[in-house]
Amino acid sequence: GRLSDSALPSLPSEVLVPAYDRASITPGIVHLGVGAFHRAHQAAYVDACLAAGESDWGIIGVSLRSPDTRDALAPQDGLYTLAIRDSAGEQLEVVGSILSLLVAPENPDAVLAALTDPRTRIVTLTITEKAYLRAADGTLDGAHPDIVHDLANPGSPKTAHGFLAEALARRRAAGTPAFTVLCCDNLPANGATLHRLLIEYAKLRDSRLIRQDDAGLIRQDDARLARQGDADLARHIADDVAFPSSMVDRIVPATTDADRARVAQQLGLEDAWPVMTEPFRQWVIEDRFPAGRPAWEKFGVTMVEDVGPFEDMKLRLLNGAHSGIAYLGLLSGHATVDRAFADPSIRQFVDWLWAEAIPTLPQDAGLDPIPYTAELADRFSNTALAHRTAQIANDGSQKLPQRIVASALARFEAGLLPEHLSLVVAAWIAACAARGKTLPEGHFTDPLDAALADLFSRNLPTAQMTAAVFDLAGFAKGHPERRKLIEFVATHLVHFKQGGPKVAFAALGIG
Ligand code: NAD
């Protein structure tokens, strides 16, 4: 048998199931990027709202790329199992908040229909850092082929930018109030960042529409939209659409076949794609929802005016340490976070990394980093999760700026040194260069892989190579301390070349 609505009554009693009638739920949220993280985080919070009777906040899950999640979940009526694991054991919960799933490349019209449905009042996103299509200087990469495609084909977009802009234009033309856009990716000031990128995208779109109009090339429906003021979509998005920032936290490793088998055995049914996670979860959201929102605050969400301090603490302490553990773990032969964290040298390194990052955090936020890092140490030690270092290692060029480089630069600005922070950048470069040598080819990936491989093949002197990597990734672009940071990273890289993490650690007095 397979997990489905009709199979719910037959599940073992220790498995939690949706405590509401799913047939009575209507959609209120469209989620772009219905991967593992969304299903362990936002969808679980929404599940609690639905169980409490807020029945008009069901989720329509959208994949912008692969049909894999839809293929797994559609035959299960959108149901899946959340396996919450720690050393004490495992709790299984079947989540019912995802009502249906769409695959954008197969049917962009269906996605636009969901986005323009007046019942849709919030659009959430977890599409990974790289999907925001930022150029090295942080602005929208207007030359990206998918952006070029979407500007030329606004009615059948590929990118999140294209879908959001087209949907907001259609809602405006139809007199439907705008939805609120709630970014849940690990970007700095994620809502404000997406807002800025979408305004840039809409400006390109507006100027194209005006040019078409001038040239008399405008299509019938475009002409209608243009008459109704669509040519200033950018202004509409800037003035009338809310993009609250949010801090999201829950560790969600990629599901393995062993996880599937174990969950199936406990359910007595097959679940094609259960999601693994830890007991801890946190969501801090800026409270700007002009189109309404679920009463999240009743279910453990912290609603605030400014998410900035929470976000800095999380990106710099949790994600920063995660990246350090990932690259140093890979270079030291550790496949999972808990094993890397149990390595005394890495553990010592992370403690010193935290000590370096903490003084860069806002002092006035009323947040105490000491209990926070103590709790992180417990979470990283969770042996039941088996969070793979190679998973966290993906897309370092997109992640390190907000996790590591920002705090390193803040140290310089304060007259302090970033010896441990800079070592994480060096470990990233060393791990990238180790693929196809001491690490398997393609063990993790990065949007810069082709450019990095080309650079590594040129055998430049270390300092020059490091500067070239900084250029490619846009690290510290235009910052007065860029040069000094490059020197620190290059020094660590020389140590890595001499003898791996052992020599790099020894230079810091570790080991
Ligand atoms: P996942 O691989 O399970 O899912 C990623 C989703 O993003 C999929 O729907 C995929 O189709 C989509 N996607 C990937 N590349 C894309 C692209 N170029 N354009 C458009 N869509 C794309 O990963 P996940 O664990 O769900 O993590 C997704 C994001 O969630 C992370 O990048 C991060 O920003 C955030 N997050 C994850 C965790 C975690 O522990 N996994 C924790 C906090 C935040």
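**Ligand shell and a three-strand sheet**

A backbone N or O atom of Ala36 lies 2.9 Å from an oxygen atom of the ligand. The model is predicted.

Q: What makes the approach of Ala36 to the ligand a polar contact?
A: The pair is a backbone N or O atom of Ala36 and a ligand oxygen, 2.9 Å apart. The cut-off for N or O pairs is 3.5 Å, so the pair counts.

Q: Why does Asp185 count as a polar contact of the ligand?
A: A polar side-chain atom of Asp185 sits 2.6 Å from a ligand oxygen. That is within 3.5 Å, therefore it qualifies.

Q: How do you know that Arg250 makes a polar contact with the ligand?
A: Its backbone N or O atom lies 3.3 Å from a ligand oxygen. The limit is 3.5 Å, so Arg250 passes. Taken alone, the ligand exposes 820 Å², and the protein buries 79% of that.

Q: Which residues come nearest to the ligand?
A: Ala36, Phe37, Glu129, Asp185 and Val252, out of 19 around the ligand. By class, the shell has nine nonpolar, five polar and five charged residues.

Q: Why are β10 and β11 called paired strands?
A: Strand β10 (residues 282–286) and β11 share three bridges, in the parallel sense. Pairing needs at least two, so they pair. Glu286 has Val304 in β11 as its bridge partner.

Q: What makes β8 and β11 edge strands?
A: The open sheet runs β8-β10-β11, with mixed pairing. Strands β8 (246–249) and β11 (302–304) each pair on one side only. Neighbouring strands of this sheet are turned by 15° on average, direction ignored.

Definitions and conventions: Residues are numbered from 1 along each chain as its sequence is written. This is a predicted model: local features need pLDDT of at least 70, side-chain atom pairs count only at pLDDT 80 or more; totals for chains, interfaces and linings use all residues. Side-chain values use heavy atoms; hydrogens and water are left out. Helices (H or I, at least four residues) and strands (E, at least two) are DSSP runs, numbered from the N terminus. Axes are lines fitted to C-alpha atoms, for helices over the stretch in contact, and angles run from 0 to 180 degrees between N-to-C directions. A residue is near a molecule or strand if one of its heavy atoms lies within 4 Å of it. A polar contact is a pair of N or O atoms within 3.5 Å; within protein, one must be able to donate a hydrogen and the other to accept it, and residues adjacent in sequence count only if both atoms are side-chain atoms. Accessible areas come from the Shrake-Rupley method with a 1.4 Å probe; for residues, only the protein chains shown count as cover. Ala, Val, Leu, Ile, Met, Phe, Trp, Tyr, Cys and Pro count as nonpolar, Asp, Glu, Lys and Arg as charged, and the others, Gly among them, as polar.
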